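Me: I am new to this one, so could you walk me through it step by step?

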Amino acid sequence: MKSEYQFTPPAKSCMSPDKGVTQVMEKGEAQVPNKPGILDNYFHGYQRFQQDSRLTFLEQELIFQTISEFQGYDDGTAAHAGTEERFLMASSADRLGANPRLEELRKFTQQLLLSRGQLSKLDVQTLLASGYQESHILSIIHAVSIRILSHDPNQFFPMQCESDLGKFSRISDNIDSKSESGQAPILGHSMYGNGRECVLVLHDWMGDSGDYEGLIPYLNLETYSYVFADLRGYGKSRLLVGDFTLDEIKADLWRLLEHLGWHQYHVIGHSMTGMVVQAMALDDASSDARRIKSIVAITPVSANGYPADEATKEYFSNLIHNRSEIELSFALFTGQRLSTNWQKLKADRHLQTSKEVALKNYLKMWLETDFSGAVKKAGIGLPILVIGGKKDFSGFQGDFLKSSFGALYEKVVFSFIEDAGHYPMQETPVLLVSLIEEFFERNC
C-alpha cells in the first residue's frame, strides 16, 4: 500500500536542475525521491552488500524475500532485484525446505525483525550452529536497511513501476567499470571459514559462484578460508561491465586477493577458469612472486584453449542465452544421466545470473587463447591437480587432459571421477571436496 499522504512535488529525475540529483542519476534514468542522498545510500549500500556480505546469491535473495514478506511489502518480493532475479529467487524458494541451512537463515531473519534486534542467545547460537558467522548477522541488518530504502521513500510518490528506486540495481549496462573514486571495483564474492590456508574458487562459463553451494557443508572451515568469486558479468558481479578478457579477469582477481589481505593461497578453477588459474600461475612464475601454493583445475580448459573445430565453435556460440539449447547442453555435459528438472533449474540460474555480452567475450577467450608456449618456457613447478569427470563432453575427457596438461606442467596429477560429468561440484560434491582438501593437505 502507498502512504495515504503523497508529496506534492513530483519525484525528480535525471532531467532535474538539482545538481545533487543529476550527479547521482547520471548512471541511469528513472524517477527517484527528492533526496538524492537516499538513492546514493541505496545504490552504494546494495553494491557493498553484494560484495562484502559473504553470502551466496541465493542467501542474499532469501534474506530480501523474508524481509519483504515480514514487512508486507507489495512491490515484489525484493524490489532491489530485477525481474529476472526475482524469478530466479521464486523458483529457488520452493526448494528451500530441503535445505536446513537456508531454512535457519530464513527463521533467523524473521526473528531479527520480530524482536527488533533483541535476539536471544539461543537465536544466535542456532544460526551459528548452521555454519554462519557473527559477521553474517550484521549483513542481515545491512539488508534490512537496504530494503527499507528501496521501498519506503517510494510510498510518497505516485510511481507507476513496482519500485522506481529498485531499478537502480539493474542498470548494469550503464555502470562504469570504475567506481566514482576512480578505483577499479572489487569482484563480488562470498567467504566461508576462518582457517589459515586460503583458497580462491572460480566458476565456469555457464555458471556462477552459486554452483558451489552444495559443497559448503562438507568444507573444512577450521583449516581453510574459502572465497567464492564471481567474474564480471556473473552473479554478484553481474552489474560490472568491462571488456571481459583474460587480462581483465586476472587484474580483477589480483585486486580481490590484495583486498582480502592474502599473501599466499591455493586457487581453484572450473572449466573456463581452469584456463584462468593457469594464466595466474604464469603471472606468478614470471614475476617470481610465489603467491600461489597450488592449483586445482576442475574439468578445465587447457592453456592452449578448447580443441574446437568451426562446427563446435558455432555450437557453443548458439548456446548463449538460448534456453532450449542450454538445457540440452547440461544434459550432454553430464552424460545425459541427470533429471530434466535439474537441467531446467540450472538453466534458470544461468540465464538469470549472467550477461550475454560477458558470455560472448569469454567464449572467444577460452576458444581462441593460447599461452601454452609461455607456460612451457616458464617451467611452472606448482603442484597442480586436474580433476575430470568420466561422463564429460568431448574436449574435457581424460586422454586430452592428460596429454595437454602433462606436456606443460612438471608436478601435475590427475583424478577422474567415475560418476561425474562437467559439474562434479553438483554431481559428486562430497567426493570432490575430499579430493581437493586431500591435495591441499599435501601442499600446504
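Below are a few questions and answers about this predicted model.

Me: Hello! How many residues of strand β5 are buried?
Reply: Good place to begin. Strand β5 covers residues 292-298 and is mostly covered. Of its seven residues, the number buried is six.

Me: Which residue in β5 stands opposite Tyr265?
Reply: Let's start with the pairing. Strand β4 (residues 265-270) runs parallel to β5, and six bridges link the two. Helix α9 (residues 272-287) joins these strands in a right-handed β-α-β unit. The residue of β5 opposite Tyr265 is Ile292.

Me: And which residue in β6 stands opposite Ile295?
Reply: Here we turn to another partner of β5. Strand β6 (residues 384-389) is parallel to β5, with four bridges between them. Facing Ile295 from β6 is Ile384.

Me: Is Asp252 buried or exposed?
Reply: Asp252 sits in helix α8 (residues 246-260). Leaving aside neighbours within four places in sequence, its contacts are Leu187 and Arg232. Buried means under 20% relative accessible area. Because the relative accessible area of Asp252 is 4%, Asp252 is buried.

Me: What is the relative accessibility of Ser225?
Reply: Ser225 belongs to strand β3 (residues 224-229). Setting aside neighbours within four places in sequence, Ser225 is in contact with several residues, among them Tyr192, Cys198 and Trp262. Ser225 counts as buried, and its relative accessibility is 7%.

Conventions: Residues are numbered from 1 along each chain as its sequence is written. This is a predicted model: local features need pLDDT of at least 70, side-chain atom pairs count only at pLDDT 80 or more; totals for chains, interfaces and linings use all residues. Side-chain values use heavy atoms; hydrogens and water are left out. Buried means under 20% relative accessible area, exposed over 50%, partly exposed in between (1.4 Å probe, protein chains only). Two strands pair if DSSP finds at least two bridges between them. A crossover is right-handed if, with the strands pointing away from the viewer, the path from the first strand over the helix to the second runs clockwise. Contact means heavy atoms within 4.5 Å.
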